[in-house]
Amino acid sequence: MTAAQADLHIDRPAVTDGAAVWRLAKESGTLDLNSSYSYLLWCRDFAATSAVARADDGAAVGFITGYLRPDRPGTLLVWQVAVDAAYRGRGLAARLLDGLTARVAAEQGLTSVETTITPGNTPSERLFTSYAARHGARVERAVLFDTGLFPDGPHDPEVLYCIGPLTHLSQ
């Protein structure tokens, strides 16, 4: 771990992180931006299945939002991942994902991770396929939501990545 990585702390988000999480999503340039209100709710209601990376001054510099699927409580659906531009290229997204899944596994049990990725989002594809490789899991892909399902104009399809079974999780 580099000195820059050591200065970062991965933690549960709090409601007070909602504005920063919204800003990070907005500045990512790739995420579908939700309302600021939704990020406040997410930081309140899904803090146990989400994570925020903090710089040494406490500022949020990265986040992952996720939830346990109601019909498959051993499956963590990762909704969004973003890292501040100044912190990219340091492995922070992978550290967030590893830390979050280890915490969820220890507290609630976890057998698989799901996420959706639009075709051509190479950084996300790399993040999740390398996560699967680190944890000895398979990756299965299938289109979850095709372009025609989105009512608000052109949208790339969302490809579901199913990663599991997870057997090598540690904090």
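This section describes the largest pocket, a nonpolar surface patch and a cis peptide bond in a predicted model.

The largest pocket encloses about 1,100 Å³ of space. Its lining comprises 39 residues, and those nearest the pocket centre are Leu31, Gln80, Val81, Asn121 and Ser124. Two or more lining residues come from each of the strands β3 (60-69), β4 (72-83), β5 (112-117), β6 and β7 (158-164), and likewise from each of the helices α4 (92-108) and α5 (122-134). The greatest contribution is that of β4, which supplies 7 residues to the lining. By residue class, the lining of the largest pocket consists of 21 nonpolar, 12 polar and 6 charged residues.

Strand β6, which spans residues 138-145, includes Phe145. On the surface, Phe145 joins Leu144 and Leu149 in a nonpolar patch, and the three residues together present about 290 Å² of accessible area. The relative accessible area of Phe145 is 40%, and this residue is therefore classed as partly exposed, since that class lies between the limits of 20% and 50%. Strand β6 is thus represented both in this patch, through Phe145, and among the elements that give two or more residues to the pocket lining.

A further feature concerns the backbone at Pro165, a residue of the segment that follows β7. The peptide bond from Gly164 to Pro165 adopts the cis form, with omega near -5°. In general, most peptide bonds are trans. Strand β7 (158-164), after which this segment lies, is also one of the elements that give two or more residues to the lining of the largest pocket.

Note on methods:
Residues numbered from 1 in each chain as written. Predicted model: local features only at pLDDT ≥ 70, side-chain atom pairs only at ≥ 80, totals over all residues. Heavy atoms only, no water. Patch = residues over 30% accessible without salt bridge, like charges linked within 9 Å, V, L, I, M, F, W, Y side chains within 5 Å. Areas by Shrake-Rupley, 256 points an atom, 1.4 Å probe, with all protein chains shown as cover. Salt bridge = Lys/Arg side-chain N within 4 Å of Asp/Glu carboxyl O. Helix = DSSP H or I, 4+ residues; strand = E, 2+ residues; numbered from the N terminus. Buried < 20%, exposed > 50% of the residue type's maximum accessible area, 1.4 Å probe, protein only. 1 Å grid on protein atoms, 1.4 Å probe; cavity = no way out; pocket = protein on both sides within 12 Å on 5 of 7 lines; lining within 4 Å. Points joined across faces, edges and corners; volume = space filled by probe spheres on them. Nonpolar A, V, L, I, M, F, W, Y, C, P; charged D, E, K, R; others polar.
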